Amino acid sequence: MPTYVLLTRLSPDGVQTIKNNPHRIREVNKEVEALGGTVTAQWAVLGQYDFVNVVEAPDEQTIARVSLELSSRGTGSFETLTAIPVDDFIAGI
């Protein structure tokens, strides 16, 4: 299944939501699953992003739906990257 990296920046409302309910992070992961994706790894990070999520989805349409749905809430902004396994990358060169 294709793998994608979602880089997340929380809005001030998103920060407040997480502060008030840290378990909201896990709830969002379940919502990603309901949209057709699977969060396979997740880190809270320091720097310009707040979270790095590795998500598997069957196709680009599904990950676009996930990203659009999450972005539409106004609690964060997302940058979605396609992750290519290194062996596949090398084979394609």
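Alanine 64 lies in helix α3. In this predicted model, alanine 64 is partly exposed, with a relative accessible area of 44%. Helix α3 also gives the most residues to the largest nonpolar core, namely 3. The points below cover the helix, the core and the strands in turn.

**Helix α3**

- Helix α3 comprises 12 residues, which at 1.5 Å a residue should span 16 Å; the C-alpha atoms at its ends are 16 Å apart, in agreement with that expectation.
- The buried residues of α3 include Thr62, Ile63, Val66, Ser67 and Leu70. These residues lie on the same side of α3, because they cover an arc of only 135 degrees around the axis.
- An α-helix has 3.6 residues a turn, so residues three or four places apart point the same way.
- Glu60, Gln61 and Leu68 are exposed on the other side of α3.
- The cover over the buried residues of α3 includes β1, α2 (24-34), β3 and β4 (76-83).
- At the N-terminal end, aspartate 59 acts as the cap of α3: one of its side-chain oxygens lies 3.3 Å from the backbone nitrogen of glutamine 61.
- Alanine 64 and glycine 92 are 28 residues apart along the chain, and their C-alpha atoms are separated by 24 Å.

**Nonpolar core**

- The largest nonpolar core consists of 10 residues: Tyr4, Leu6, Val32, Leu35, Val39, Val55, Ala57, Ile63, Val66 and Leu70.
- Two elements, β1 (3-10) and α3 (60-71), give two or more residues to this core.
- In soluble globular proteins, nonpolar side chains tend to be buried together.
- Which residues does leucine 6 touch, not counting residues up to four places away in sequence? Its contacts are Phe51, Val52, Asn53, Val55, Ile63, Val66, Leu70, Phe78, Glu79 and Thr80. Among these, Val55, Ile63, Val66 and Leu70 are members of the core, as is leucine 6.

**Strand β1 and its partners**

- Strand β1 is joined to β3 by 6 bridges, and these two strands run antiparallel. Strand β1 is also joined to β4, by 8 bridges, and this pair likewise runs antiparallel.
- Threonine 3 illustrates both pairings: its bridge partner in β3 is glutamate 56, while in β4 threonine 3 stands opposite alanine 83.
- Threonine 8 has its place in strand β1. Is threonine 8 buried or exposed? With a relative accessible area of 5%, threonine 8 falls under the 20% cut-off and is therefore buried.
- Leaving aside neighbours within four places in sequence, threonine 8 is in contact with Tyr49, Asp50, Phe51, Asn53, Ser77 and Phe78.
- Phe51, Asn53 and Phe78 are among the contacts of threonine 8, and they are also among those of leucine 6.

**Strands β2 and β3**

- Strand β3 (residues 51-56) is mostly covered, with 5 of its 6 residues buried.
- Strand β2 (residues 38-44) runs antiparallel to β3, and 6 bridges join the two. Within this pairing, glutamine 42 stands opposite asparagine 53 of β3.
- β2 and β3 form a hairpin with 6 residues between them. Glycine 47, in the turn, has a positive phi of about 125 degrees.

Technical notes:
Residues are numbered from 1 along each chain as its sequence is written. This is a predicted model: local features need pLDDT of at least 70, side-chain atom pairs count only at pLDDT 80 or more; totals for chains, interfaces and linings use all residues. Side-chain values use heavy atoms; hydrogens and water are left out. A nonpolar core is a set of buried Ala, Val, Leu, Ile, Met, Phe, Trp, Tyr and Cys residues joined through side-chain atoms within 4.5 Å. Buried means under 20% relative accessible area, exposed over 50%, partly exposed in between (1.4 Å probe, protein chains only). Helices (H or I, at least four residues) and strands (E, at least two) are DSSP runs, numbered from the N terminus. Contact means heavy atoms within 4.5 Å. Two strands pair if DSSP finds at least two bridges between them. The expected span of a helix is 1.5 Å times one less than its number of residues. The arc is that of the directions from the helix axis to the C-beta atoms. A polar contact is a pair of N or O atoms within 3.5 Å; within protein, one must be able to donate a hydrogen and the other to accept it, and residues adjacent in sequence count only if both atoms are side-chain atoms.
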